[in-house]
Amino acid sequence: GSSCGLVFSEAAMEGSCSLSKLAKIARTDFAIQLAAWAVASVLRTERFYDATGSFTYWWLILKAYFVANGRRRDEAAHESTGRLSRGTDDKSSRSSGASVRQRVVTGMVLAWSLRLGLFLGHRGWKYGDSRFEKMKHKPATFLIAWL
């Protein structure tokens with residue numbers, strides 16, 4: 001299913017993204033899931049359900065990270081311009097992107113989700129998923145699982 005809720009809530013709590021940027025990230029999530037569902041529904045398969053979920057999760061984490069990082073750079077440039085016009089250029093107060101904590105946490109989340117995604121994707125591709133046996137023959141019901 002959709003991983004947008006987690007990314008959306010974490011980014012919103014951090015104050016790192018505006019709602020319009022988060023809405024774009026959410027639309028991307030739903031577009032990926034809807035496209036994957038359409039293919040899976042036509043093929044009546046769940047084989048790539050977990051791989052799609054993992055890909056979407058990675059995409060959203062990276063997108064939110066870079067959106068937030070770009071915003072911080074813009075704010076730092078704006079602050080720097082103000083300091084320069086006042087003749088004060090305190091390099092230590094400039095922020096040029098993500099903090100060490102944000103980089104480490106993002107890296108750890110990506111590493112964990114890669115491991116889990118590879119496991120689930122391989123298992124789903126090789127064995128399928130019995131939860132979808134009846135559902136994959138009913139496109140509307142199948143859509144609920146994808147979203």
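Start by selecting Phe142 and Trp146: both sit in helix α5, four residues apart, about one turn of the helix. Helices here are DSSP runs (H or I, at least four residues), numbered from the N terminus. You are looking at a predicted model, in which local features need pLDDT of at least 70, side-chain atom pairs count only at pLDDT 80 or more, and totals for chains, interfaces and linings use all residues. Residues are numbered from 1 along each chain as its sequence is written, and side-chain values use heavy atoms, with hydrogens and water left out.

Now show the rings of Phe142 and Trp146. They form an edge-to-face aromatic pair, 6.1 Å centre to centre with 85° between the planes. (Rings of Phe, Tyr and Trp, its six-membered ring, pair if their centres lie within 6.5 Å; planes under 30 degrees apart are stacked, over 60 edge-to-face, the rest tilted.)

Next, colour α5, residues 139-146, by exposure. Phe142, Ala145 and Trp146 are its buried residues. They share one side of the helix because they cover an arc of only 100° around the axis, taken from the directions from the helix axis to the C-beta atoms. Turn to the other side of α5 and you meet Ala140 and Ile144, both exposed. (Buried means under 20% relative accessible area, exposed over 50%, partly exposed in between, with a 1.4 Å probe and protein chains only.) Phe142 has a relative accessible area of 0%, and Trp146 is also at 0%.

Finally, add Phe48, Tyr49 and Phe132, which join Phe142 and Trp146 in one aromatic cluster. A search of the whole structure finds six aromatic pairs.

Note on methods
Helices (H or I, at least four residues) and strands (E, at least two) are DSSP runs, numbered from the N terminus.
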